[in-house]
Amino acid sequence: MKTIKLKQLCFSILICALVLNLLMRVSSAQTIPGVQRLEEGIAAYEHGEYDEAIFKLEMAVYQISEEEKDQLWDAHFYLGLSYFLSGYEEEAKKEFIAAQGIIMNKSPDSDIHSPRIVKQFKEASEVKTSVIPNAKLRSTSRVNLSKRSVKSMIKDK
């Protein structure tokens, strides 16, 4: 009876040690930084592997900090290019607009990129998007709003 419990205890300790070892390996594994993802994404784009480029560049967009404006601009720009050449023009426009929001005066180099790409980028900058939807606001406040009416208003608008 005691030997069975001792074997179970040893087995449990062994399992715990293996799990702990696995967890330590996972936590110590280095994540690929955003700039490296950006480089991999640009390389995939240049090889015509647009789906792979989209995957890597989307990850780069989320991993590059906002302080690294040039790299973040490149990530959005090349992501837009990859979307555009994959036939996803609306997504491309969104990425071009995002790039322009990071560095407003930067545009694609016409010596490197085709006139079609430069034109698409410029057209995206001309798109006027409003953050505030068309909503009619009251000129006076309502004082006595019930929870139900507030929830209804939020749901409707």
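This passage describes salt bridges, burial and a surface patch in a predicted model.

Charged pairs are considered first. Side chains of opposite charge can pair when their charged atoms come close. In this model, the count comes to seven salt bridges. Three of the pairs are described below, together with a network of shared partners.

One salt bridge joins the side chains of Arg37 and Glu40, with an N to O distance of 3.9 Å. That value falls within the 4 Å cut-off for a salt bridge. Both residues belong to helix α2, which covers residues 34-46. Arg37 and Glu40 are three residues apart there, so about one helical turn separates them. The two partners differ in burial class. Arg37 has a relative accessibility of 13% and therefore counts as buried, because buried means under 20%. Glu40 has a relative accessible area of 24% and is therefore partly exposed.

Lys56 meets this pair from another helix. Its place is in helix α3, residues 50-63. The relative accessible area of Lys56 is 15%, so the residue is buried. Leaving aside residues up to four places away in sequence, Lys56 touches Arg37, Glu40 and Gly41. The side chains of Lys56 and Glu40 are also joined by a polar contact of 3.3 Å.

A second salt bridge lies within helix α6. Here Lys119 pairs with Glu123, and the closest N and O atoms are 3.7 Å apart. Helix α6 spans residues 115-126. The two residues are four residues apart in this helix, so they are separated by about one helical turn. Lys119 is exposed, because its relative accessible area is 52% and the class begins over 50%. Glu123, at 34%, is partly exposed. Salt bridges with shared partners also join Arg37, Glu40, Glu52 and Lys56 into one network. Lys119 can be placed against an earlier part of the chain as well. Its C-alpha atom is separated by 9.6 Å from that of Pro108. Lys119 and Pro108 are 11 residues apart along the chain.

A third salt bridge is formed by the side chains of Asp74 and Lys106, at 3.6 Å from N to O. This pair links distant parts of the chain, its members being 32 residues apart. Asp74 sits in helix α4, residues 69-85. Lys106 sits in the loop between α5 (89-102) and α6. Asp74 has a relative accessible area of 22%, so it is partly exposed. Lys106 is partly exposed too, with a value of 26%.

The surface also carries a nonpolar patch. Leu6, Leu9 and Ile13 form this patch. Together, the three residues have about 300 Å² of accessible area. Leu6 lies in helix α1, which runs over residues 2-28. With a relative accessible area of 51%, Leu6 counts as exposed, because exposed means over 50%.

In summary, the pairs described include one within helix α2, Arg37 with Glu40. Another lies within helix α6, Lys119 with Glu123. The pair of Asp74 and Lys106 instead links a helix to a loop.

Methods:
Residues numbered from 1 in each chain as written. Predicted model: local features only at pLDDT ≥ 70, side-chain atom pairs only at ≥ 80, totals over all residues. Heavy atoms only, no water. Patch = residues over 30% accessible without salt bridge, like charges linked within 9 Å, V, L, I, M, F, W, Y side chains within 5 Å. Areas by Shrake-Rupley, 256 points an atom, 1.4 Å probe, with all protein chains shown as cover. Buried < 20%, exposed > 50% of the residue type's maximum accessible area, 1.4 Å probe, protein only. Polar contact = N/O pair within 3.5 Å; in protein donor to acceptor, adjacent residues only side chain to side chain. Contact = heavy atoms within 4.5 Å.
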